[in-house]
Number of protein chains: 2
Amino acid sequence: MNKKIVIIGGVAGGATAAARLRRLSESNDIILIEKGEHVSFANCGLPYYIGGIITNRESLFVQTVEGMSKKFNLDIRNFSEALSINRDRKTVTIKEVKTGQTYEQDYDTLILSPGARPIVPPIPGINEAENLFTLRSVPDTDRIKDWVDHNHPSRAVIVGGGFIGLEMAENLAHRGISVQLVELGEQVMAPLDPEMAAMVHKELKTEGVDLILNDGVTAFKNKGREIVLQSGKELQSDVTILSIGVRPENELASEAGLSVGERGGIIVNEHLQTNDESIYAIGDAIEVKDYIQQTPTMVPLAWPANRQGRLVADHIHGKPAAYRGTLGTSVAKVFKLTVAATGNNEKLLKRLGKSYETIHVHPASNAAYYPGGSALALKLLFDPQTGEILGAQAIGYKGVEKRIDVIATAIKGQLKVWDLADLELAYAPPYSSAKDPVNMAGYVASNVASGELRIVHHDEIDEIVENGGYLIDVREPEEREIGKIEGSVPIPLGELRDRLDEIPKDKTIYINCQVGLRGYLATQILTHHGFEAANLSGGFKTYQFGKDVAKTIQYQ
Amino acid sequence: MNKKIVIIGGVAGGATAAARLRRLSESNDIILIEKGEHVSFANCGLPYYIGGIITNRESLFVQTVEGMSKKFNLDIRNFSEALSINRDRKTVTIKEVKTGQTYEQDYDTLILSPGARPIVPPIPGINEAENLFTLRSVPDTDRIKDWVDHNHPSRAVIVGGGFIGLEMAENLAHRGISVQLVELGEQVMAPLDPEMAAMVHKELKTEGVDLILNDGVTAFKNKGREIVLQSGKELQSDVTILSIGVRPENELASEAGLSVGERGGIIVNEHLQTNDESIYAIGDAIEVKDYIQQTPTMVPLAWPANRQGRLVADHIHGKPAAYRGTLGTSVAKVFKLTVAATGNNEKLLKRLGKSYETIHVHPASNAAYYPGGSALALKLLFDPQTGEILGAQAIGYKGVEKRIDVIATAIKGQLKVWDLADLELAYAPPYSSAKDPVNMAGYVASNVASGELRIVHHDEIDEIVENGGYLIDVREPEEREIGKIEGSVPIPLGELRDRLDEIPKDKTIYINCQVGLRGYLATQILTHHGFEAANLSGGFKTYQFGKDVAKTIQYQ
């Protein structure tokens with residue numbers, strides 16, 4: 001029963017599907033159609049090649065057409081564009097890009113892996129901008145790198161603060177170019193909540209990136225050399241990268257009558273079949289379910305694409321294969337900082353009207369007495385009733401994505417927040433503490449979920465104090481000198497037990513310290529002495545980052 | 001209901017219990033009895049202070065007696081030795097070390113956290129050895145550091161290749177001392193299986209450590225300057241560290257009639273109570289259950305001690321608290337190498353007669369095209385029938401303990417090997433690959449568990465070939481030049497499909513490549529063409545490390 005399987009799109013998911021299909025059968029015809037020259041190239045590496053971090057262009061090609069054809073006995077047709085799917089006769093019309101000739105290729109099973117393309121909005125002057133680039137493919141990469149190599153730009157503007165925008169900011173800066181980053185929203189990196197993104201903002205500023213938030217481009221002038229923003233500000237640019245997001249390549253699918261969702265993603269069932277069961281779709285072009293909420297979403301990342309490629313091949317071969325949704329685990333290097341997240345963020349949970357609680361901790365990446373460690377900001381989102389873990393975000397210089405990986409694993413293992421406290425993780429001074437940051441987040445979240453600890457959040461405390469709330473700052477005087485919450489009453493932790501009679505008995509007492517730990521102790525002391533007390537989660541540190549975002553919004 | 005809680009031992013578990021007890025109640029009397037000067041010091045940091053990596057001695061003191069007393073309102077009595085437990089009248093007899101005076105301290109609840117002490121066997125000349133040290137406490141550390149600082153030793157001998165032995169080897173080498181390491185067994189680092197330990201052996205040799213395996217000390221001569229080994233070899237030493245293991249401090253418990261196990265550990269129930277329910281015991285001194293097998297074991301590590309300290313405090317306060325056993329997740333830095341493990345190893349599973357399977361993979365720590373990545377050796381142990389994950393070991397230069405933490409979390413989440421393939425872990429080129437090493441191990445293990453892939457192991461293949469087995473090496477000729485398995489037939493993967501008629505049809509065909517990946521492809525090709533085929537797990541790389549151990553055993 002020799003089958004003819006045609007795959008459209010030879011990167012990530014498409015290439016994975018082809019390789020897996022061959023491992024499962026030697027007899028099927030596997031035809032890989034790719035519009036561009038290259039298959040299975042390293043899309044996630046492209047910014048680093050432009051930045052000169054990756055020096056060898058050849059290393060971007062994970063597989064060559066020739067090598068992959070031979071290894072997996074594939075019929076790879078590059079420079080071939082699929083023009084239409086003719087479902088009635090189960091064929092695809094293909095154009096040979098170089099010759100312009102077209103032909104029909106029949107299939108028994110079709111896999112669509114077309115990906116997504118950068119959004120290019122119809123901004124006045126955009127078509128005349130000679131120095132404007134988007135980044136998706138190897139030719140895009142070559143164009144940007146050529147431009148930088150030959151024109152030696154001194155000023156770059158990045159439009160859009162997502163993963164590609166930030167990676168390009170870092171890589172252009174690495175080449176000695178002065179970078180301005182324009183972001184329409186109040187923050188970069190959508191997977192993060194604002195108080196966490198504020199740490200990324202700080203890093204960008206520290207590294208000399210001029211970050212312009214809450215602003216967008218209204219016009220390109222002088223062949224793109226001048227960029228006019230909504231705010232009226234005008235930027236000079238020698239090279240501009242447009243990275244405001246991607247749009248699924250859904251035309252082929254929708255023109256063939258395959259269902260496409262509101263967000264433009266091709267609709268698939270859990271076996272990744274479209275509404276035509278002989279046509280599968282995978283990767284950036286499809287709509288997936290959010291793993292936790294099971295609501296529709298689009299997550300253009302490499303892991304889901306590769307996983308889906310594998311599952312489709314398995315399903316075609318009659319193996320049980322179901323894709324349950326995407327957690328959206330992600331990580332980015334932003335200069336020296338590592339930023340990682342998994343699951344739902346607070347913005348999403350709010351929008352969906354879900355019941356959730358959050359805690360912030362700032363533990364050290366490894367034993368404080370061992371050199372090279374540094375603080376890690378970890379935010380955990382959970383259901384306070386059930387203890388279900390809903391998501392996490394982490395930022396720092398070391399051991400960041402490790403903690404997110406552990407939490408992503410815990411989510412798939414259906415562990416609860418109290419189970420995080422019970423995770424037995426690898427400890428030696430260079431790597432962690434005897435109580436790992438994930439353990440610590442688990443302890444704090446369990447204390448909150450069990451009602452042992454009442455907390456208040458960084459974005460609530462100002463209003464509380466303004467309305468007459470009593471806030472005790474249990475830090476030492478020298479810490480307050482660096483910064484404090486207006487209206488807070490200083491009582492260092494060590495003096496608290498002796499000064500209980502200074503504290504009003506008739507109202508809730510709020511506590512803050514630097515990162516939340518001493519505040520927790522103080523909250524417990526007060527509670528055991530009959531006070532109603534609540535701790536500021538994440539302490540002054542989280543509060544301060546929360547304020548930084550607020551400031552940006554207000555004054556920009 | 002004011003309670004008097006006495007804790008014996010102020011490090012790790014004892015200190016954690018004290019702090020947690022206070023957080024749960026302001027009214028109880030909490031008395032912490034510590035024989036030495038220091039409480040809550042950084043035991044795991046001691047080797048690094050000797051090595052000069054940690055430069056500030058003060059940073060070893062996580063808490064001071066004064067600071068901790070004040071913060072947690074504790075009655076800390078250092079320089080106080082518990083001489084006996086008088087269970088009939090619920091008191092402890094305590095000796096003030098400095099004055100010699102004794103007194104009885106009554107308790108409602110007693111927590112034993114005495115730890116374990118280094119084993120010092122009665123080897124001839126050991127008491128006369130002036131340059132011989134063990135390492136457990138801050139005074140031990142000071143003695144070693146003083147000796148090194150003042151005597152400028154040029155040659156050190158480490159006896160025992162466990163965690164402390166290896167960390168001391170690295171730290172003494174870091175001070176410019178030439179190090180010899182003597183280990184009685186065939187390998188260092190007991191949590192590892194031999195073929196994995198062989199990589200540690202290689203690193204030690206690369207770093208100039210003279211590793212002497214399968215040998216022990218029979219005598220110290222010339223005040224310890226000469227060390228005679230079982231093999232007859234004589235070593236010269238300027239400073240010797242004895243680190244052959246620890247023995248639980250169980251005398252206080254056993255003399256009070258508390259049950260002690262075969263291994264010397266104090267016996268406790270799942271609430272960490274001894275056979276006297278008002279006496280708890282925690283830390284290195286107790287016998288625990290292996291988390292996976294639920295068999296008794298001793299695991300002297302920091303995480304279990306701290307976790308147990310917390311649980312005991314919770315249980316005393318009527319909270320549900322149970323300790324389910326120790327996974328034994330561990331990590332060590334051995335020069336540039338990171339070595340980590342969790343769960344059961346093959347040696348244990350064999351001894352227990354359990355059904356298990358193992359796979360070896362050698363993926364890159366991060367995207368191969370991004371600089372700074374390096375190969376990671378990952379061994380996964382699992383039940384091939386149920387898919388249950390039994391343990392894992394990982395060795396490499398980057399991202400090592402991250403993968404072990406993920407697998408340790410997967411074990412606690414009761415995930416199966418096929419779930420490892422489905423873990424959505426954080427990917428960007430500096431951190432991982434779109435298919436993380438853990439995903440890859442999951443895929444290989446699933447293929448084996450499902451019967452899709454038949455494998456053979458590094459320690460079986462020589463015998464198979466000797467008995468006429470047909471082994472194909474699918475690597476390229478230039479790879480074979482560097483090393484090959486004797487008797488293997490070279491057919492590069494790319495030529496396999498064209499040379500099928502050279503391969504015998506009447507017997508099982510064994511395949512090897514470099515790390516197992518191409519071998520897997522070759523095995524699938526042969527299987528689909530009607531051959532019986534099996535892949536050498538971990539390829540030539542794992543085979544070679546397996547041979548290195550064998551060689552050491554044979555020739556040392």
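Let me begin with charge. In chain A, the mean positions of the 59 positive and the 72 negative charges lie 3 Å apart. I should say at once that the model on the screen is a predicted one.

Next, the overall dimensions of the chain. Measured out along the principal axes, the box filled by the C-alpha atoms of chain A is roughly 90 × 55 × 40 Å. How does the radius of gyration of chain A stand against that of a compact globule? For 556 residues, such a globule would have a value near 24 Å, and chain A has 26 Å, which agrees.

As to secondary structure, chain A contains 17 helices and 30 strands. Of its 556 residues, 61% are buried. If we take the contacts in chain A between residues at least 6 apart in sequence, 63% of them join residues at least 24 apart. The area that chain A exposes is about 20,900 Å², and 48% of that is supplied by carbon and sulfur atoms.

I turn now to the pair of chains. In general, a rotation about an axis and a shift along it relate two copies of a chain. Here, a turn of 180° with a shift of 0.0 Å along the axis lays chain A on chain B, with an RMSD of 0.0 Å. This is the relation of a two-fold axis. Which C-alpha of chain A is nearest the axis? That of Gly413(A), at 2.1 Å from it.

Finally, the interface. Of the interface residues of chain A, 100% are also interface residues in chain B, so the copies meet through the same surface.

Methods. Residues numbered from 1 in each chain as written. Chains lettered and ligands numbered in written order. Predicted model: local features only at pLDDT ≥ 70, side-chain atom pairs only at ≥ 80, totals over all residues. Heavy atoms only, no water. Helix = DSSP H or I, 4+ residues; strand = E, 2+ residues; numbered from the N terminus. Rg over C-alpha atoms; globule rule 2.2 N^0.38 Å. Buried < 20%, exposed > 50% of the residue type's maximum accessible area, 1.4 Å probe, protein only. Contact = heavy atoms within 4.5 Å. Areas by Shrake-Rupley, 256 points an atom, 1.4 Å probe, with all protein chains shown as cover. Lys, Arg positive; Asp, Glu negative; His and termini not counted. Charge placed at Lys NZ, Arg CZ, Asp CG, Glu CD. Least-squares fit on C-alpha atoms with pLDDT ≥ 70 in both.
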